[in-house]
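Welcome, and please load the model in your viewer. We will go through it one selection at a time.

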Amino acid sequence: LYGLVFAVPVLLIVFQGLLQRPAAPGSGITWYPEGSILCWLTVLGAAFFLMAALASHMGGDAGLQPMVSAYLEHVFTLMLPSLAAAPRQAIIDALAPLFPGLVVMVWIVVVAVNGVVAQGLLARLKRNLRPTSAFPGLTLPEWMSTPLVISAALALFGPGEAEYIGRNLALILAVPFFFLGLAVVHVLVRRAPTPGVLLVAFYMVLLFSGWATLVVSGIGLIEQWLGLRWRFAGPKPGGESE
């Protein structure tokens, strides 16, 4: 379990982060794009989720959603034994629809942020092998929007368990677009007179508002298709096709 949750993503990030190829003559080296690394990390998280969904149907189990509800019931019974059955069930009913997607989403964000912190620390110590790129220049490979659209369609039109899997899978696959939306916000805020103050206020709102998170992810998806940074803040960074 430790290997899957911690060691495998670290190996993936380090391996891809050190991939490089010669650029045009006289232009130095092209490194594997950060956006592509983030997307493959997200694909890994989605694969973990799908394996859990498949395992929930093996051995005659009823499916992932009943398994998640039963797990939450067990957890809250142990953690809050004095809580009455009705409010406990209300909490479970509120968490169960998105619980596995939220767990994987937080895992992706934590691993990605750890990678950024590690790169920043190495750069400060002048021990980094890879140069650090500016966050506002983040781009995603074009293929990333396809699985997200498919998952969203499954969430909207799928029956029963398929709808549940599609909803949580869409939540997981939206993580790279959340980061892309943050990059757009950083680009736009830089044009303001006090960008530092605005960014602090923005992240405070983001910390306490789930709706703000959805809006930022939507901004990232629009950026992927329409190029908001190119329209509002100069030329769009070069696309990535890896």
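This tour visits two pockets, with a selection to make at each stop.

**Stop 1: the largest pocket**

Keep in mind that you are looking at a predicted model. Begin by selecting Glu34, Ala112, Gly115, Val116 and Gln119: of the 43 residues lining the largest pocket, these are the closest to its centre. The space there comes to about 1200 Å³.

Next, show helix H1 (2-17), helix H2 (34-57), helix H5 (99-124) and helix H8 (175-189), the elements that each give two or more residues to this lining. Which of them should you colour first? Try H5, since the largest share of the lining, 13 residues, is from H5.

Now colour the lining of the largest pocket by class: you should find 27 nonpolar, twelve polar and four charged residues.

**Stop 2: the second largest pocket**

Move on by selecting Leu171, Ala174, Thr213, Leu214 and Ser217, which lie nearest the centre of the second largest pocket among its 26 lining residues. Here the volume is about 830 Å³.

Keep H5 and H8 on display, and add helix H6 (145-157), helix H7 (161-173), helix H9 (195-208) and helix H10 (210-226); these elements give two or more residues to the lining of the second largest pocket. Highlight H10 in particular, as the source of the largest share, six residues.

To finish, apply the class colours again: the lining of the second largest pocket has 21 nonpolar residues, four polar and one charged.

Definitions and conventions:
Residues numbered from 1 in each chain as written. Predicted model: local features only at pLDDT ≥ 70, side-chain atom pairs only at ≥ 80, totals over all residues. Heavy atoms only, no water. 1 Å grid on protein atoms, 1.4 Å probe; cavity = no way out; pocket = protein on both sides within 12 Å on 5 of 7 lines; lining within 4 Å. Points joined across faces, edges and corners; volume = space filled by probe spheres on them. Helix = DSSP H or I, 4+ residues; strand = E, 2+ residues; numbered from the N terminus. Nonpolar A, V, L, I, M, F, W, Y, C, P; charged D, E, K, R; others polar.
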